[in-house]
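Student: I should like to learn how to read the features of a protein model. May we work through one together?

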Amino acid sequence: LRGSGEEPPDQPQVTGPGEVYNSNAAALAADLQAAGMDCTVAGIVPDDPEALRAAFQRALAAGTDVILTTGGVSVGPRDRVARVWIELGARRLLGRIDVKPGGPFFAGRCGDTWVIGLSGSPASCLATYQVLVRPFLLRLAGRRRGVRPVVPAVLAAPFPKPADRPRLLWARLRGGTAPYEALLPGAGEG
């Protein structure tokens, strides 16, 4: 996991001016561990190609089955994760995906190791992780049921933004039977 501090993910991290707590590493590590997977949080890696290359090579040398990173997979000048993986010989299997949030994405193979890069934005990172990455990792671990239960639901109120692509929305379900009512964050209880 890229972007975490040296402290274990369940320990609070002190941040300085202009810094934010890396909730991605804590949330991903907690979910992976709850699913029974071994997880090592490797620490923060600067957005520098040499630093990324060295960190990725260490992870590969450790015999890691899957390397999961957050941040650095979009199209900005500091988004170098995908380029460094390709320079290291990774074969890109999937790049940017057409969902919102969560479009910045990278998936590939570097030798026998799966490499997956998620967005650094917590909403994007966790949405894409829950929908694509978590089921994939559970399948790799030999589990036949990797997808969370699907239940019919209808939005309690219209979504306020037009959708030009599939949307991954967080919601709380209300009601005793399907179809449930889906309340989006910030929506009133009505």
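Student: In which helix is Arg134 found?

Tutor: Please keep in mind throughout that this is a predicted model. Arg134 belongs to helix H4.

Student: Is Arg134 buried or exposed?

Tutor: A residue counts as buried when its relative accessible area is under 20%. The value for Arg134 is 14%, and therefore Arg134 is buried.

Student: Which residues is Arg134 in contact with, leaving aside neighbours within four places in sequence?

Tutor: They are Asp31, Ala35, Tyr129, Gly146 and Arg148. With Asp31 there is also a polar contact: the two side chains are joined at 2.9 Å. Asp31 is itself one of the buried residues of helix H1.

Student: How should I read the overall order of helices and strands?

Tutor: One lists the elements as they come along the sequence. Here there are four helices and seven strands, and their pattern reads α-α-β-α-β-β-β-α-β-β-β. The chain has 190 residues, and buried residues make up 34% of them. Among contacts with a separation of 6 or more, 56% join residues 24 or more positions apart.

Student: How may I check the length of a helix, for example H2?

Tutor: One compares the span expected at 1.5 Å a residue with the distance between the end C-alpha atoms. Helix H2 covers residues 49-61, which is 13 residues, so it should span 18 Å; the end C-alpha atoms are 18 Å apart, and the two agree. Helix H1 may be treated likewise: its 12 residues reach 16 Å from first C-alpha to last, close to the 16 Å expected.

Student: Which residues of H2 are buried, and what covers them?

Tutor: An α-helix has 3.6 residues a turn, so residues three or four places apart point the same way. In H2 the residues Leu52, Arg53, Ala55 and Phe56 are buried. Their cover includes strand S1 (66-70) and helix H3 (81-87). Take Ala55, which lies in H2: its relative accessible area is 14%, and so Ala55 is buried. The C-alpha atom of Ala55 is 9.2 Å from that of Gly43, although the two residues are 12 residues apart along the chain.

Student: Which residues are buried in H1, and what covers them?

Tutor: The buried residues of H1 are Asn24, Ala25, Ala26, Leu28, Ala29, Asp31 and Leu32. The cover over them includes S1, S4 and H4.

Student: Which residues touch the most other members of the largest nonpolar core?

Tutor: That core has 16 residues, and Leu68, Phe105, Leu118, Tyr129 and Val133 touch the most other members. At least two residues of this core come from each of helix H1 (23-34), strand S3 (105-110), strand S4 (113-118) and helix H4 (122-140). H4 gives the most, with five residues. Another core, of 14 residues, lies apart from this one; Ala55, Ile67, Val81 and Ala90 are among its members.

Student: What does Phe105 touch, not counting residues up to four places away in sequence?

Tutor: The residues touched by Phe105 include Val73, Leu94, Ile97, Ile116, Leu118, Leu132 and Val133. Arg96 and Thr128 are also among them.

Student: How should I read backbone angles?

Tutor: Most residues other than glycine have a negative phi, and most peptide bonds are trans. In this model, Gly36 comes just after H1 and takes a positive phi of about 85°. H2 is followed by Gly63, whose phi is also positive, near 75°.

Student: Where are the cis peptide bonds from Lys100 and from Ala178?

Tutor: The bond joining Lys100 and Pro101 is cis, with omega about -10°; Pro101 is placed in the loop between strand S2 (91-94) and S3. The bond from Ala178 to Pro179 is cis as well, with omega near 0°. Pro179 is found in the loop between strand S6 (172-174) and strand S7 (180-183).

Student: How many disulfides are there?

Tutor: A disulfide is a covalent bond between the sulfur atoms of two cysteines. In this model the count comes to zero. As for accessibility, Cys39 counts as partly exposed at 22%, whereas Cys110 counts as buried at 10%.

Technical notes. Residues are numbered from 1 along each chain as its sequence is written. This is a predicted model: local features need pLDDT of at least 70, side-chain atom pairs count only at pLDDT 80 or more; totals for chains, interfaces and linings use all residues. Side-chain values use heavy atoms; hydrogens and water are left out. A nonpolar core is a set of buried Ala, Val, Leu, Ile, Met, Phe, Trp, Tyr and Cys residues joined through side-chain atoms within 4.5 Å. Buried means under 20% relative accessible area, exposed over 50%, partly exposed in between (1.4 Å probe, protein chains only). Contact means heavy atoms within 4.5 Å. A polar contact is a pair of N or O atoms within 3.5 Å; within protein, one must be able to donate a hydrogen and the other to accept it, and residues adjacent in sequence count only if both atoms are side-chain atoms. A disulfide is a pair of cysteine sulfur atoms within 2.5 Å. The expected span of a helix is 1.5 Å times one less than its number of residues.
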